[in-house]
Structures are given as structure tokens and as C-alpha cells.
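This report describes a single protein chain for readers at the bench. The sequence and the model are shown below.

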Amino acid sequence: MKDLTSRKDIELLMNVFYNKALIDPTIGYLFTDIAQLDLASHLPVICDFWEMVIFKKYGYKKDVLDIHRKLNDKAPLQAIHFEQWLTLFTESVNEHFAGANAEQMKTRALSIATVMQMKFHKSP
């Protein structure tokens, strides 16, 4: 398997991931019912995010933490949601890519999920 080397690779990965996530019994409803995600408009934005994270290309202009905080306000995100998101994300990477960038993507995903959980569930 090859490593992630381009935006096209990220686009493939995000399509694979969201095809799983949207129908997943644990987290699918967060995307479809709560966030009411329009995948066609979301994919370019999330690809911008991962392109920034992995390839240091700065096209992403949103606040990822704020977006997920608003989602958490609508439906509290629990540890099981983050675990399942991370499982599906890691599976998607592993099915298509191997190498330093693929490993970095999985590590950053774990870091992002961990930080979000800590921020959303900190004690008052």
C-alpha cells in the first residue's frame, strides 16, 4: 500500500470514512440527524482540514473545536462516540494507506479526539 501523498488521497479516505460513519449505529445519527451533515459541502472543508494537518497547506479557516462544541451542545458526545469515530477512521486509513503520513493522520485523529473529550467533559 502507498502512503498519503496528495489531496486526492485525502478525498478518497474521507469518502471511505464517511460511507462507514453515516450508517454506523453508534455515531451515524450524529452526522445525519443532529448535525444534518450535507456531505457534498462538508467533504471539501474536511479535506482542507486534513490537508492542513498532514501537508501543512493552509486552506482551512474554521474552528474545528467550536464546530464540535456546538454539536456536543445539541447531543452530548460520549466516550463511546469518540471511540467509534476513531475506530472507523483508523480502519479507513489502514484499508487504503500505509506510511509516515498515514501514521501521522491516525495519531492526529487520536489527539483531536482526546482533546475534544477533555474540553467537552471537564469538571466545572
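## Val53 in helix α3

At its relative accessibility, does Val53 count as buried or exposed? Val53 counts as buried, because its relative accessibility is 5%, under the 20% limit for that class. The model from which this value was computed is a predicted one.

Val53 belongs to helix α3. Apart from residues within four places in sequence, its contacts are Gln104 and Arg108. Leu88, by comparison, is separated from Val53 by 35 residues in sequence and by 19 Å in space, taken from C-alpha to C-alpha.

## Overall fold

The chain contains 6 helices and 0 strands, and the order of its elements from the N terminus is α-α-α-α-α-α. Its radius of gyration is 14 Å, close to the 14 Å given by the globule rule for 124 residues, so the chain is as compact as a globular protein of that length. Along the principal axes, the C-alpha atoms occupy a box of roughly 45 × 30 × 25 Å.

Among contacts in the chain with a separation of 6 or more, 75% join residues that are 24 or more positions apart. Of the 124 residues, 40% are buried.

## The largest nonpolar core

The largest nonpolar core comprises 36 residues, of which Met14, Trp50, Trp85, Phe89 and Met105 touch the most other members. At least two residues of this core come from each of α1 (7-21), α2 (28-34), α3 (39-55), α4 (64-74), α5 (79-96) and α6 (100-120).

Met14 illustrates how these contacts are distributed along the sequence. When neighbours within four places are set aside, Met14 is in contact with Leu43, Ile46, Cys47, Trp50, Phe89 and Met105. Three of the core residues named above, Trp50, Phe89 and Met105, are thus among the partners of Met14.

## A buried acidic residue

Asp9 is located in helix α1. Its relative accessible area is 7%, and Asp9 is therefore classed as buried, the limit being under 20%. Beyond residues up to four places away in sequence, Asp9 touches Lys2, Asp3, Leu4 and Phe97.

## Surface and charge

The exposed area of the chain is about 7,100 Å², and carbon and sulfur atoms contribute 57% of it. The chain carries 15 positive and 15 negative side chains. The centres of these two sets are 7 Å apart.

Note on methods: Residues numbered from 1 in each chain as written. Predicted model: local features only at pLDDT ≥ 70, side-chain atom pairs only at ≥ 80, totals over all residues. Heavy atoms only, no water. Core = buried A, V, L, I, M, F, W, Y, C linked by side-chain atoms within 4.5 Å. Buried < 20%, exposed > 50% of the residue type's maximum accessible area, 1.4 Å probe, protein only. Helix = DSSP H or I, 4+ residues; strand = E, 2+ residues; numbered from the N terminus. Contact = heavy atoms within 4.5 Å. Rg over C-alpha atoms; globule rule 2.2 N^0.38 Å. Areas by Shrake-Rupley, 256 points an atom, 1.4 Å probe, with all protein chains shown as cover. Lys, Arg positive; Asp, Glu negative; His and termini not counted. Charge placed at Lys NZ, Arg CZ, Asp CG, Glu CD.
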